[in-house]
Amino acid sequence: MQHEILQPIPLLDENGDLTEPGFARRLLPVYDRSKVRGGATRLKEWDYYYIGNDRFGVALTIADNSYMGLDSVSFLSFAGKPWQITKSPMRIFPMGRTGLPQSSERGVTAISGKGYALMFQVERGCRTLTAHMEKFRGNDPIDIHVKLTHEPEESMVICTPFDKPGHFYYNQKINCMRAEGTVTIGGEEYRFDPGESFAVLDWGRGVWTYHNTWYWGSASGLVDGEDFGFNIGYGFGDTSAATENMLFYKGKTHKLSRVSFHIPQIRGKEAYLQPWTFTSDDGRFELEFDPILDRAADTDFKVLRSNQHQVFGRFSGTVVLDDGKRLEIRDLMGFAEKVETKW
């Protein structure tokens, strides 16, 4: 069962519950923060962008998680011996004052703190991302200036309830945006060329339960010269109405059923840098994943915890579009992750 939302609707009813669980191909449900009823400290809002190519990537986050704000800048190098740097300043009790927009389609998301600033602007079909952080690599600052264009006509939008009144997850993933711009670390410059560099937006708004473990995978690039990408995942709540699994091809979405992550284990523990596999119940998503770099972080404050493994690498295998067309995927750069949170 994959229930599709086809008309604009209010996201939440007067009790703060979803009016219509399911998926959409555009941002049809309207998010109104004033209708949230699940508790002020449970509301989570974030904008996350990943921009990358075969050689390097950056990840930028501005998040207001009520009692904790998180602003993050990551740089990842995949060439030679892979390496990454992530710096994530935290803020105490922002409680919505970060002012993230209530729609992904317009507005400004901005934050600044001691030694850093990030800004995401959306206007006239273009997304402009800027970031500056002092002492990012030793004493070297990082500066990021990127423009995202060619936003596809369709994207992944999902309204997922949790098994608790007033709790929900509203999420949009926009894949296959073209990226142009520069990253400067000290005296080194890295340039994004829109012919080979792609971006994804993870736009999330919701009232979450305390303890969750989720799986998410994403990739954007070219297959046979055409824009192609995918979004896969689960663990974000009750997905009985719809999953968030989708293919993106030439600006259009192709809905998948259920996809399973198979992370290898050694002596009972996940071996994140060994090859993974992905399978689907409808046979339309059968890929292997060759990891390159694990962006791992385990923050444990006992009551609060985030144990994250976001693994970057190359996907290969076959996928099937809605019309039965089979695509052969070879070494498509992307990532897959497992994250456990107590928040």
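## An exposed patch and a covered strand

At 63% relative accessibility, I92 counts as exposed, because the cut-off for exposed is over 50%. The model is predicted. I92 sits in strand 8, which spans residues 90-92. On the surface, I92 joins F93 and M95 in a nonpolar patch. Together the three residues offer about 320 Å² of accessible area.

Strand 4 is another matter. This strand covers residues 43-52, and 10 of its 10 residues are buried. Buried here means under 20% relative accessible area.

Which residues of strand 4 point the same way as L43? E45, D47, Y49 and I51 do. K44, W46, Y48, Y50 and G52 point the other way. Both sets are buried. In a regular strand, side chains alternate between the two faces of the sheet.

Strand 4 has two pairings to follow, with strand 16 and with strand 5.

| Partner of strand 4 | Residues | Sense | Bridges | Opposed residues |
|---|---|---|---|---|
| Strand 16 | residues 198-207 | antiparallel | 10 bridges | L43 and V207 |
| Strand 5 | residues 56-64 | antiparallel | 8 bridges | Y49 and L60 |

How many residues does the hairpin between strand 4 and strand 5 run through? The link has 3 residues. Across this pair, Y49 of strand 4 faces L60 of strand 5. On the strand 16 side, L43 stands opposite V207.

In short, I92 is exposed at 63% relative accessibility, whereas strand 4 is mostly covered.

Conventions
Residues numbered from 1 in each chain as written. Predicted model: local features only at pLDDT ≥ 70, side-chain atom pairs only at ≥ 80, totals over all residues. Heavy atoms only, no water. Patch = residues over 30% accessible without salt bridge, like charges linked within 9 Å, V, L, I, M, F, W, Y side chains within 5 Å. Areas by Shrake-Rupley, 256 points an atom, 1.4 Å probe, with all protein chains shown as cover. Salt bridge = Lys/Arg side-chain N within 4 Å of Asp/Glu carboxyl O. Helix = DSSP H or I, 4+ residues; strand = E, 2+ residues; numbered from the N terminus. Buried < 20%, exposed > 50% of the residue type's maximum accessible area, 1.4 Å probe, protein only. Pairing = 2+ DSSP bridges.
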